[in-house]
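Grab a pencil and open the structure viewer. Below are some exercises, each followed by a solution you can trace step by step.

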Number of protein chains: 2
Amino acid sequence: MKKRPTIKDIARATGVHASTVSRALDPDSKKRNLLSAEVIERVREAAETLGYRPNRQAAGLRISRTWSVGVMIPDITNTLFPPIVRGIESVLEPRGYTSIIVNTDNIAERETRLLFVLRERGVDGIINGAAQRTDPKMAQVAAAGIPIVTLNRKVEDGTIPYVINDERQGIRLAFRHLYDLGHRRIANIAGAQSYSTGQMRLEAFREICAEYGIAEKDAPIVAADSYNEAEGQRCAGRILDDDPDVTAILCANDRLAIGALKLLRTRGIDCPGQVSVTGFNDMPFLDFLPLGLTTVRIKQFEAGQTSARILLQMIEESDRAAPMQTVLPVELVVRESSAPPRST
Amino acid sequence: MKKRPTIKDIARATGVHASTVSRALDPDSKKRNLLSAEVIERVREAAETLGYRPNRQAAGLRISRTWSVGVMIPDITNTLFPPIVRGIESVLEPRGYTSIIVNTDNIAERETRLLFVLRERGVDGIINGAAQRTDPKMAQVAAAGIPIVTLNRKVEDGTIPYVINDERQGIRLAFRHLYDLGHRRIANIAGAQSYSTGQMRLEAFREICAEYGIAEKDAPIVAADSYNEAEGQRCAGRILDDDPDVTAILCANDRLAIGALKLLRTRGIDCPGQVSVTGFNDMPFLDFLPLGLTTVRIKQFEAGQTSARILLQMIEESDRAAPMQTVLPVELVVRESSAPPRST
DNA sequence: TTGAAAGCGCTAACAG
DNA sequence: CTGTTAGCGCTTTCAA
């Protein structure tokens, strides 16, 4: 196991000083321009033939950089996240960065600890796809000067750049779709209010109801504690118990919708015959469902890409201000879970 | 953004030399035992109050370690892999390691390049979940002294430790299940023969057919080029074209099985009424399928854990020999896609 | 039992 | 344009 060549080896081979080699190989042309073309060429060749590869650990120790970024997500086994992760990777990898992916499971203390782990690792920046609406730890990290951007969710603090989806428009598309089908008693299973998505989607629902002149009692709302199927079941149950005349349930997320569908099946209520259901996110594998779910598609891969690009800009061009707010477009995907209400 | 305290700061605070601090804080007790208990205690306290955290970059530069491992998988968007990745993470993280996950997409040149990226990153070891049966690059890396273990698949070269599932037993369970249901014309969609899984599962199929005294013509085999739904469709089509009397299709993997199911639906052939289908892996979200797939469950999370443990042993206890071959148990999961053949 | 000194591989002043 | 020097934070001889 012979060790790999260093800058010194190249210096020896070319007869110039190590620092000259460093300069010749620096990707920043401002430094290279100070050297004679001839030396640069010689150094390049020597590096090539020796198979030189810079030692990032050493360079990093010197300039305190690691060319790694932390990626925080709730849980990679949630199919929503793999495409996002690949989007991130697709811009990071070509630029020489690697990502350290950590799963918070939406547990606050785990998030805190992982944040600590990432800082200790000296990551050059963080993409947080698991942020809470208020997140003091996060703001603290940002204040400490570590580039950070949130993905899918935003922190209300206002200092952290974010990339989110057009939640408002998504809810409006779903609502209008149901309304246009003829539904007039549309319930809402809202998401956890501790996430910006939960809060924004609920707000959008209230807003459009008001716009359409629908009274609050005709648009019952139950907020879930978290985004999962069990909560979807529970909330759907409560809605139907309180208000058996509901003909459609607009859910703040696909997993809640899947739970709602499950409950309907349990109770022998036909979907979409008796009750229509819509989701949000268009998670992969949704089309495996026996009944296709009408939902709002978000740009998963692109969201990953965009957040990574913004983070890189923050890391590498700290002079240029990075965009603070990026909102990606969404689109409605109509499948089988929505239909006109039974015309009783 | 005040920088974090170094070993020097502690030295100054306690009045001892930096090297003494290093020794006092060394987790290896052999080194600490040389120091007086009093000094160790003082250093510990100072480290605590200053909030000292060792700088891995610096330590790594010195001892050439990074406390990071590379994890190669085909594609994180394949739901089979997230549980594996979390299994790996669950043992790595508590021991202070992070994992760098890369997706090969089963493209050889991508694999080569990523392997290069990982080496350049100086990972302490590699878990390869995307290995080919013959993989010179891999053997080369292993020979270079970088700890490496393969996961799910094995390299035939024989020098690389592996953690795989009991492919043979899995195929036998599926076959017996079909046979016991009464099937006598069982076809096989085999996996790509460039992966050990494809090869082993096919071998097991041939073996058990022979055991049951089934002639080769009564057990048609078509090998897929890769593990995906399109190939499953194609292969199932060929099987039914050549041999319309087949009553069951045993697939080397779930995705092939999903493809086969799709083809049956296309042709209006009822499953399990006319043709039964089985898969392999028990991928998450399989239960979303309109028709539950009978399959062989592999221990995904545990496989991740086991491979990580073995890798850590190779890294940290290079003296103790790591287990070369680990075969995890599998179990049959019976769902709706298998039933007795129509008794025509 | 502790200190001194060297060096891992690289970059960044500062000279010249 | 290029060489010299110093040092990032840590570990590890070698002395004392």
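**Exercise 1. Find the partner of E93(B) in a salt bridge, then look at the interface around the pair.**

Step 1. Start at the side chain of E93(B): in this predicted model, it meets the side chain of R113(A) in a salt bridge, with 3.0 Å from N to O. The cut-off for such a pair is 4 Å, so this one passes. Side chains of opposite charge can pair when their charged atoms come close.

Step 2. Now count across the whole interface of chain B and chain A: the rule finds 10 salt bridges there. There are also 22 residue pairs in polar contact between the two chains, counting pairs with both residues at pLDDT 80 or more.

Step 3. Ask which elements of chain B do the touching. Two or more residues each come from α5, α6 (81-92), β2 (98-103) and α7 (108-120) of chain B.

Step 4. Sort that side of chain B by class, and you get 22 nonpolar, 12 polar and 14 charged residues.

**Exercise 2. Work out how much area chain B and chain A bury between them.**

Step 1. Count who takes part: chain A brings 48 residues to the contact, and chain B brings 48 residues too.

Step 2. Turn to area. The size of an interface is often given as the accessible area lost when the parts come together. Here the two chains bury about 3900 Å², and 54% of that is on carbon and sulfur atoms.

Step 3. Look for the big contributors on chain B. Q57(B), R121(B) and F288(B) give 19% of the area that chain B buries against chain A, more than any other three residues.

**Exercise 3. Describe a salt bridge inside helix α6 of chain A.**

Step 1. Pick out E89(A) and R86(A), whose side chains form a salt bridge at 3.4 Å, N to O.

Step 2. Check their spacing: the two residues sit three apart in helix α6 (residues 81-92) of chain A, about one turn of the helix.

Step 3. Zoom out to the whole structure, where a search over all chains turns up 51 salt bridges.

**Exercise 4. Which residues are closest to DNA strand C, and which atoms touch its bases?**

Step 1. List the neighbours. Strand C is surrounded by 25 residues, and the closest are I7(A), Y52(A), R62(A), T20(B) and R62(B). Of the strand C atoms within 4 Å of the protein, 65% belong to sugar and phosphate.

Step 2. Go to the bases. An N or O atom in the side chain of R23(B) is 2.8 Å from a base nitrogen of strand C, and a polar side-chain atom of R62(B) is 3.1 Å from a base nitrogen of that strand.

Step 3. Move to the phosphates: a polar backbone atom of H17(B) is 2.9 Å from a phosphate oxygen of strand C.

Step 4. Find the main supplier. α5(A) gives the largest share of the surface near strand C, with four residues.

**Exercise 5. Repeat the search for DNA strand D.**

Step 1. Again, list the neighbours: 25 residues surround strand D, with H17(A), T20(A), I7(B), Y52(B) and R62(B) the closest.

Step 2. Check the phosphate oxygens. One is 2.5 Å from a polar backbone atom of I7(B), and a side-chain N or O atom of Y52(B) is 2.6 Å from a phosphate oxygen.

Step 3. Name the main supplier: α5(B) gives four residues, the largest share of the surface near strand D.

How values were computed. Residues numbered from 1 in each chain as written. Chains lettered and ligands numbered in written order. Predicted model: local features only at pLDDT ≥ 70, side-chain atom pairs only at ≥ 80, totals over all residues. Heavy atoms only, no water. Near = heavy atom within 4 Å. Polar contact = N/O pair within 3.5 Å; in protein donor to acceptor, adjacent residues only side chain to side chain. Contact = heavy atoms within 4.5 Å. Buried area = accessible area lost by both parts, 1.4 Å probe. Nonpolar A, V, L, I, M, F, W, Y, C, P; charged D, E, K, R; others polar.
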